[in-house]
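This report describes selected features of one structure for a reader who has not met it before. Please consult the sequence and the model shown here.

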Amino acid sequence: SDLGIKVAVVPGGPEKEAQNMMRRKEKGFTLIELLIVVAIIGIIAAIAIPNLLNAIDRGKQKRTMADLRSIGTAIESYSIDNNVYPVATAMTALETSIEPIYIRTAPANDGWGRVFSVASTNTLYTVGSGGKDGGALTLVGTGGATGSFNDAIIFANGQFVQWPEGTQQ
């Protein structure tokens with residue numbers, strides 16, 4: 001007899017619904033799994049970032065050394081033609097003497113964006129960078145190889161007096 005009650009028929013019954021719920025659970029990640037992945041990424045980043053920053057600073061040092069060597073070569077070429085070094089106390093004054101004949105465009109800044117220090121007389125010259133912190137051109141001990149990015153890089157009279165070498169701090 002028809003009492004007006006309609007019964008919904010679920011295809012597959014309760015077993016099929018239970019299987020669908022299991023599949024939904026298998027598709028996603030649990031919170032623990034996500035936290036473990038984030039922790040692993042954090043550990044890798046903690047190891048990689050200091051090495052990346054160290055490599056960037058090493059690259060800036062090498063660029064600075066190459067630029068200083070180029071400026072020194074231009075000054076030496078000037079001295080061959082004029083029998084004296086150009087007199088200058090600033091990079092802008094030195095540029096007027098060596099550009100464009102001895103170097104097309106003299107690099108004015110070191111790898112960290114600071115203007116090179118210049119002290120040049122008729123008989124001696126020194127060009128350099130204050131290093132990462134932009135300090136004064138001071139020798140560490142007697143000069144030679146240094147171990148810190150903050151130490152000055154100094155090129156004088158055709159050779160490096162102080163330069164970076166080895167592991168930098």
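## Strand pairing around β5

In this predicted model, I154 stands opposite Q162 in β5. Residue I154 falls within strand β4, residues 153–156, and β4 pairs with β5 in the antiparallel sense over 3 bridges. The hairpin of β4 and β5 has 2 residues between the strands, and N157 takes a positive phi near 50 degrees there.

Strand β5, residues 159–164, also runs parallel to strand β3, residues 144–146, and 3 bridges join the two. Here G144 stands opposite Q162 in β5. In a regular strand the side chains alternate between the two faces of the sheet.

## Helix α2

Helix α2 covers residues 31–82, a total of 52 residues. At 1.5 Å a residue the helix should span 76 Å, and its end C-alpha atoms are 75 Å apart, so the two values agree. Just after α2, N83 takes a positive phi of about 65 degrees.

The buried residues of α2 include D57, Q61, T64, L68, I71, I75 and S79. An α-helix has 3.6 residues a turn, so residues three or four places apart point the same way. The buried residues of α2 pack against α3 (91–98), β2 (125–129), β4 and β5.

## Residue S79

S79 lies in helix α2. Its relative accessibility is 13%, and S79 therefore counts as buried, the cut-off being under 20%. Leaving aside residues up to four places away in sequence, S79 touches V84 and Y85.

Definitions and conventions. Residues are numbered from 1 along each chain as its sequence is written. This is a predicted model: local features need pLDDT of at least 70, side-chain atom pairs count only at pLDDT 80 or more; totals for chains, interfaces and linings use all residues. Side-chain values use heavy atoms; hydrogens and water are left out. Two strands pair if DSSP finds at least two bridges between them. Helices (H or I, at least four residues) and strands (E, at least two) are DSSP runs, numbered from the N terminus. The expected span of a helix is 1.5 Å times one less than its number of residues. Buried means under 20% relative accessible area, exposed over 50%, partly exposed in between (1.4 Å probe, protein chains only). Contact means heavy atoms within 4.5 Å.
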